[in-house]
Amino acid sequence: MDIVPSGQTLGARVEGINLGNPLSDADFRILLRALGRHGVLCFPNQTFGTPEFAAFARRFGALEVNVANLFHEPGFPEVMILSNQILPDGQPAGLNDAGQGWHTDMSYSKDIALANVLHAHAVPTRNGKSVGETQFRDMHAAYDELPEHLKERLEGRTATHDFEKFWETMRQRPGSRRAKLTDAQKRKRPPVSQPLVRVHPLTGRKVLYANPGYTMRIDGMDEHESGRILDYLFRHQERADFLYAHRWAVGDVLMWDNIGTVHNAVADYTPDEHRYMRRAQIMATLDYPALVA
Ligand code: OGA
Ligand code: MN
């Protein structure tokens, strides 16, 4: 296995490993450390099926079954399908608008996610270049680069995150197929409080844990002041040197850190330029500091 850093703030390619085979303990620990260090790992040219994909992801933590669980591989509720393809029977093949806006997966959940894994089966291309990239921002760097007085103000603070915020933003977009959340779905996903600054379990370093998709307000703070600070933080996250973009190729398995990054799916492709991804969300259920020690 060969880990080649991108040279940018995030990102590395991991060559010479077939994720369809069971991961050795040593490789598992190497990959955990690499995930902490690089935030986004790309494993190119992977060709296995759904069972192997789920087994690989499950090594890193328990897999989430999505609350809106509309599209998944038959027999694998934990493997979602993201796609803009329409099946011959007229039904959509997958969720067609996942992640289109800056967010962190599962920040709306008391139990947070460690990482998300996508396996690319169809990637839209135009003029020989792939479109539909996924962008990331480095929240280790974003925290480090905050002014000291703001670090002090955020320390020990929490913010409220709400699943419905991002869902409604997406639902309001023209042509959205999303339905209003039912009361039962809302009860499953009540707003939760999360620390604004947290120690990353893989790196032991502090990260800024807030994202425009789900973060509503800073708890126990005057609403105007909370809005002002969140606006500042979201603008700060936009600094060009925090950005990394992944251009997809068919066969890529992309694993990203959902504690130390925020991400955004760029929907610059048309309905007949097909994109098809398998997806598994890894919850932070293991003792990671012990595993990377
Ligand atoms: C997700 C997501 C991005 C993409 O699956 O949570 O944000 O590019 N996907 O599909
Ligand atoms: Mn996402």
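**How the manganese site is called**

Visitor: What spacing do the donor residues of the manganese ion (ligand 2) have in sequence?
Guide: They are spaced H-x1-D-x157-H. D105 sits in the loop between β5 (76-83) and β6 (113-122) and H263 in strand β17 (residues 261-265), so this pair ties together parts that are 158 residues apart in sequence. Strands are DSSP runs (E, at least two residues), numbered from the N terminus.

Visitor: What kind of model is this?
Guide: This is a predicted model; local features need pLDDT of at least 70, and side-chain atom pairs count only at pLDDT 80 or more. Residues are numbered from 1 along each chain, and side-chain values use heavy atoms, without hydrogens and water.

Visitor: What makes H103, D105 and H263 donors of the manganese ion (ligand 2)?
Guide: Donors are N, O and S atoms within 2.8 Å of the metal (3.2 Å for Na, K and Ca). H103 (NE2), D105 (OD) and H263 (NE2) lie 2.1 to 2.2 Å from the ion, so they count. Water is not among the atoms, so the site may look incomplete.

Visitor: Why is D105 called buried?
Guide: Buried means under 20% relative accessible area (1.4 Å probe, protein chains only). D105 has 4% relative accessibility, so the name fits. H263 also has 4%, so H263 counts as buried.

Visitor: What makes T134 a polar contact of ligand 1?
Guide: A polar contact is a pair of N or O atoms within 3.5 Å. A polar side-chain atom of T134 lies 2.6 Å from an oxygen atom of ligand 1, so the pair qualifies. For H103 the distance to a ligand 1 oxygen is 3.3 Å, so that pair qualifies too.

Definitions and conventions:
Chains lettered and ligands numbered in written order. Helix = DSSP H or I, 4+ residues; strand = E, 2+ residues; numbered from the N terminus. Buried < 20%, exposed > 50% of the residue type's maximum accessible area, 1.4 Å probe, protein only. Polar contact = N/O pair within 3.5 Å; in protein donor to acceptor, adjacent residues only side chain to side chain.
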